[in-house]
Amino acid sequence: MTAEKKTRLTRPTKPDRSQLDTQVAKLKEQISKCHDKMKSYKAKIDTIKEGRKGQGSATAEPRNKLIAIRTELKGLFEEQNGVRNQLKALNAQKDAIREQQKAIRAKCQYVKTEDIDAAIDKLENNMAHTSMTLNEEKKIIAQISELRKSKAMVKELLESSGGKVDPAARETLEAQLKSVGAKITELKAQEQEQRKIMDEIKAKMGETKDEVPDLIKQKNNQWEIVKRCKETIGNLWDEHRKVENEYWTKEKAWRAQAKEERQKKWEAEQEERKKRDIERKQRQLDEAGEPFDREVTTCEQLTSYLKSLTKEETKVEETKSAPKVEEGMVVLKKKNDESEMDSWFTGSKGKKKGGKKKAAKSDKLVHSMDIISSFATLGLTSPPSKDAKGISDLVDKLEAKKAEYLEKRKDAHVKRAAQKEKIAKELEAATNGIEEKANGEANGEANGKEEEKEEEEEKKPEPAEDAGATPAEEETPAEESS
């Protein structure tokens, strides 16, 4: 069995953020200083703008006029654009009509309805005042019909193209455009006058160049520093994220390896547990007694008990039928006449010395609870009396029960043998599986060590050329170079 080399991973060290936190803290401190400088520059700019409010009151009137002029200029520009758009629309309509006339001229001779009416009147007048043949009249009638059709087509095309362009409308728009242009020129001149007035007022008030542009420039420089610091912080975080991502990749691989090892260990434990369970089952079967041993023993004990009852009756009859004793002879009575089994099953005891005489025995039997429960276990009823026939039948039933249980014992032996064979196969399979797994792991470790050894040998530097080379070998490079 061959096993692929699998290098064992070591748990990676979690990246330290202390250096990153120190660098980010320094950059944030620099950003805070830049914001403070920007606030100071803004305060200076606001102070300078507050000082300009006096100049603003002096230039308020010309500034308001300048604003009104600019508002009016804005409206005039919008009006000028509207007029130009209308002129563009008229030009487009004119071009469309021209294109339409070209299309009409390509289809028919006339492009105006008036020309078509004049041509029809001329043909009708000729036909009315001139003598001509029938074929000539037919030709003139056909021409008149074609002219009337073309008149309808020309009229429809003219209506679809918007009709004729009104020259007066174009002249009106051009005049309106000139008027608006003149107003715009006039308002621009007024705007320049108001600008001159404001410049003169500022010159009289001695307005000089202030440091606001320089302050704004310095403020913008601080903002650029803030942006660079933020960009640096972002780059530092990106680098740290790369390191962390690499760490988490290795950590996940290590965790997967640890999980795989735990899984293998758990599987090995499960195999061992399975093997132990199989061995335990095998041991239980080996240590188990004979099947139905209790039932067979019960049958035998009850049979002995019933037979003891019949023996007791026989003894009584023999005692009654004993021969008479000769004169001078004494019949001795044996102490503890009842047997030990009879005393256990029936619960009878010997007569106490000096006790009262017992009454005559009856045929009714009194059994102990063990005897009753034993008969009930076998599905039989204990004999109520000492009837010989009833006891004999009950003995036969017990023998039949015993034979039945002995047959069941044989079947149980067959089942137990099959079960033992099955357990033996399972135990063999489990043992082989554990051995194969152990051999595979051992081979894998051996192969891994061999491959590591080969890699280490490959990494070693190659030995220098042999100093004892033959002259032919030494001359070979020279020959090649020549």
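**Salt bridges, cysteines and cores**

Colleague: Where do Glu-61 and Lys-65 sit, and what separates them?

Modeller: They're in helix H3 (residues 60-107), four residues apart, which puts about one helical turn between them. Bear in mind that this is a predicted model.

Colleague: What do the side chains of Glu-61 and Lys-65 meet in?

Modeller: A salt bridge, with an N to O distance of 3.9 Å. That counts because the cut-off is 4 Å between a side-chain nitrogen of Lys or Arg and a carboxyl oxygen of Asp or Glu.

Colleague: And is Glu-61 buried or exposed?

Modeller: Glu-61 is exposed, at 55% relative accessibility. Its partner Lys-65 comes out as partly exposed, at 42%.

Colleague: How many salt bridges are there by this rule?

Modeller: The count is 22. Take Lys-250 and Glu-246 as another example: their closest N and O atoms are 3.6 Å apart. Both residues belong to helix H7 (residues 212-287), and they're four residues apart, about one turn of the helix.

Colleague: How accessible is Lys-250, and what about Glu-246?

Modeller: Lys-250 has a relative accessible area of 45%, so it's partly exposed. Glu-246 is also partly exposed, with 46%.

Colleague: Which residue does Lys-410 form a salt bridge with?

Modeller: With Glu-407, where the closest N and O atoms lie 3.7 Å from each other. These two are three residues apart in helix H11 (residues 388-459), about one helical turn. Glu-407 is partly exposed, at 45% relative accessible area.

Colleague: Which residues do shared partners join into one network?

Modeller: Arg-11, Glu-251 and Arg-255 are linked that way, through salt bridges that share partners.

Colleague: Switching to cysteines. How many disulfides does the structure hold?

Modeller: Zero. Cys-229, for one, has the sulfur of Cys-34 as its nearest cysteine sulfur, 5.8 Å away. The cut-off for a disulfide is 2.5 Å between the sulfurs, so that pair doesn't qualify.

Colleague: Is Cys-229 buried or exposed?

Modeller: Buried, with a relative accessible area of 8%. Cys-299 is buried as well, at 0% relative accessibility.

Colleague: OK, the inside. In the largest nonpolar core, which residues touch the most other members?

Modeller: That core has 16 residues, and the ones touching the most other members are Leu-302, Leu-306, Leu-309, Phe-375, Leu-378, Leu-380 and Leu-398. Helix H8 (293-320), helix H10 (369-377) and H11 each put in at least two residues. H8 gives the most, with six.

Colleague: What is Leu-302 in contact with, leaving aside neighbours within four places in sequence?

Modeller: Ile-371, Ser-374, Phe-375, Leu-378 and Leu-398. Apart from this core there's another one, of ten residues, including Val-24, Cys-34, Met-38 and Leu-236. So Cys-34 turns up twice in this chat: as a member of that core, and as the owner of the nearest cysteine sulfur to Cys-229.

Colleague: Last one, the backbone. What is phi of Phe-292 near?

Modeller: Near 55 degrees, which is a positive value in a residue other than glycine.

Colleague: And where is Phe-292 found?

Modeller: In the loop between H7 and H8. Phe-292 is partly exposed, at 30% relative accessibility.

How values were computed
Residues numbered from 1 in each chain as written. Predicted model: local features only at pLDDT ≥ 70, side-chain atom pairs only at ≥ 80, totals over all residues. Heavy atoms only, no water. Buried < 20%, exposed > 50% of the residue type's maximum accessible area, 1.4 Å probe, protein only. Core = buried A, V, L, I, M, F, W, Y, C linked by side-chain atoms within 4.5 Å. Contact = heavy atoms within 4.5 Å.
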